[in-house]
Amino acid sequence: MLVPALVCLSVAAFPRLSAAASAVDLLVLDEQRLPVPAVEIQIKSGDTVIAKGETDLEGRAHFDRVAPGRYDLTATREGFRPLVKTGVLVTDSAAGPLELTLQAAADRQHIDVQATPDAVDQGASNPTQIASAAARDLPSRPATVADVLPLVPGVVRSPTGDLQISGAGEHRSALIVNSADVTDPATGQFGLTVPIDSVENVNVYQTPFLAEFGRFTAGLVSVETRRGGDQWKWEINDPFPDFRIRSYHMRGLRDATPRLNVEGPLIPRKLYFSEGLEYEVRKIEVYTLPFPRNQKLNEGVNSFAQVDWVVSGKQLVTGTVHIAPQRLSYVNLDYFNPEPTVPDAATHNYTGTIADRWTLWGGLLENTFSTTRFDASIWPQGNQDLTMAPSGNSGNYFARQSRTAVRYGWSPVYSFRTFNLLGSHTFKMGAALTNSSEQGQVNDQPVDIVDAQNVLLERITFSGGKPFEMSDTEYAFFGQDHWSISSRLAADLGVRTESQQISESFRVAPRAGLAWLPFANAKTVVRAGFGLFFDRVPLNVYSFNHYPRQTISLFDDTGALTGGPYYFENSLGVTDVHSPWVFHEQTPGDFSPLSANGAIQVEQTVTSFLKLRAGYTRNEAAGLVVIDRVAPDPTNLIGAYVLSGSGDSRYHQLEFTARLRLNAGRLLFLSYVRSQAQGDLNEFAGYLGSFPSPIVRDNVYGRLPGDLPNRFLAWGQVPLPLGFRIAPILEIRDGFPYATYDAGQNYAGMPYTNRYPDFFSLDSRFSKDIKVNAKYTVRLSVSSYNLSNHFNPEAVHDNTADPAYGLFFGHRGRRFTGDFDVLF
């Protein structure tokens, strides 16, 4: 994506300019290898300008009548960092065009170390960026964007496999791909994300103070996909299946994950194509269960295609299609939930986008059109009632659902030409219009709760439930100004307004940030900012009153009825947010989840290869949608489950990072995060998602499941002699918190006050490329996991009525795998 006035220029190490027939050719691209127009180029001999011109929309500039010799090259454009390249050699032989690479400085912070740009270019919003090329060589072998995210400070994957960003579930974060929202309109979840082979960069924001970003209260994941280049390239990863070996005998297929990536020009310099395609059959072994009843099965296709069309000297059109059907067997399988008790699922995710970029009136007009469809079906293994016991469950999963959610969106954005008024200003304004809809139905089966002696304590039955159909329209408008006050001080000022029709609310989100260079050597950058952020409310919240209603009966140890039957209605409450920035009618469902985020950060360039950063982030959220249990009336035995906007959360993070690059092939990233996450535990996602819990407990404010006070993470790539290289990952952290329960499945004491043992894991991937011939290269690799064989349990007996209460188990010991890839 082109970002006028918020980028800096850097030059790839090309030693010569092409001067065949006394001509010079230049090519200016951005990080996605998209052409950058209107860059002013000057070729100088001393103080004399030999040639001058501008790049066209294809990013190219051509100069005739340049005599062989050494020249100084300058490249400038309003809002860009000036480039000066001295001693460039022009010869009589054609060596290809000199390639200049635009790097976005204000909107991205790179893992690799570069010279610190001045405050005019650097802005206050500073995400962590991971290049897909660096992540793909790691021992975790990430296949999608979601697999890469735990490499980022402040992002972890919980024991249940859920992503936690800033201590909160992914339903409170946003995922955009090339500026288009691709989250599930029904649940707010990410779904199956884009293949990593199709990705150029992944940017994770915890505090983006730019008004163009919205619809989240925890974090933002922004993905930039890559376009095809000027030459056709093919790459096949993991072409052969892996087999499971047990006791020196082959025991069937373990996984098959072939990935194909192809890119190149359909019409040279005019039409480019790229495709990332993955087929996956993966049997995931659950270490807490005996073989062979411990295999979760994931099977599906993940395809992302992109076409870039250079229409003319002023227009570029990009189209993308993401197709991701998936079949899941034995979802959430573990020791306490064996095969009969867990569901199967089928999901289908389809996303299409068209982005038009048009240079107009000295600025850039961008129009993005997108459509996203999520289909989901979940069903149990049979029709038996689910029985929940202290030592483990039996029967069949209780919920069956099918739903379809669709979103259509249009986002026009205009970036104005930079103008001067008490400094320079780069103004951007835009809008977003979104229409979403959901239809589906949920059916539930009875649930029995028994004690350790299998005596019935409680029975939950369900009644009602009917098909639902919901729709919503959202509007958003924003304006923001990047104000370069001086060469050492800049400010980002903006405001965003949002309106969600189904919640009957109008929200105003002001934001401000500063970037300051306190010293003249420009090696220290101080950034600070504050802003309000509003989250969208997923459609399944408004479908809640169409869900089946619970009837609860309580029994004593003789089987006699001691309480109930209590009947619980499903209803919508109101928000507890009373803010001058929110305008709404006091009606059921008037939710406006809000977070007030502030951050301060100091970044220090120590040397040309070492950069240090320290920062503090604070996130205070209110108005979160939670489910409250209203006790039954003693006269009519009727209670209610109420979705209300009364939830709060608090997240604090102190972060220290170091990024080390010694040369192009060596990178190390180290981080330490000290954090605290607290909030209301009954967020709607645990009860209205794809795999809900049947038990609604009283809401409690306390430590959140994603709370990790201490986490150290180190990863990177290190070249070795003889062409070998190693990619290690070291993670040391506190164990995740867990709740304890009594025989009736109620909280036993304050939840999440206990923790798993401290976690320590050292993984590595040792690899070497072997060139077969001029066209083919084979990459051989051996990966190792938990090299120290540290005890990292995956489960704990957390019920006080369980005879094994307090026992941790499910340790994955030291293990090794081998694979190879084919590169064309």
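Which strands each supply at least two residues of the lining of the second largest cavity? In this predicted model, the answer is strand E17 (199-205), strand E37 (524-534), strand E41 (594-607), strand E42 (610-630) and strand E43 (638-663). Here's a quick tour of that cavity, plus a look at how far the predictor trusts its own model.

**The cavity**

- Searching the whole structure turns up 14 cavities of 30 Å³ or more, and the second largest of them comes in at about 290 Å³.
- Its lining is made up of 27 residues.
- If you want to find the middle of this cavity, look for Asn-126, Thr-207, Gln-601, Thr-617 and Glu-655, the lining residues that lie nearest its centre.
- Among the strands, E42 is the top contributor to the lining, putting in 5 residues.
- Chemically, the lining is a mix: 14 residues are nonpolar, 10 are polar and 3 are charged.

**Confidence**

- Averaged over the protein, the pLDDT is 86, and 89% of the residues score at least 70.
- Strand E28 (residues 386-388) sits at the top of the confidence range with a mean of 97, while strand E1 (residues 7-11) is at the bottom with 33.
- The pLDDT stays below 50 over residues 1-21, a stretch that has 89 contacts in the model beyond near neighbours in sequence.
- Residues 104-120 also fall below 50, and this stretch has 82 contacts in the model beyond near neighbours in sequence.

Notes. Residues numbered from 1 in each chain as written. Predicted model: local features only at pLDDT ≥ 70, side-chain atom pairs only at ≥ 80, totals over all residues. Heavy atoms only, no water. 1 Å grid on protein atoms, 1.4 Å probe; cavity = no way out; pocket = protein on both sides within 12 Å on 5 of 7 lines; lining within 4 Å. Points joined across faces, edges and corners; volume = space filled by probe spheres on them. Helix = DSSP H or I, 4+ residues; strand = E, 2+ residues; numbered from the N terminus. Nonpolar A, V, L, I, M, F, W, Y, C, P; charged D, E, K, R; others polar. pLDDT = per-residue confidence, 0-100. Contact = heavy atoms within 4.5 Å.
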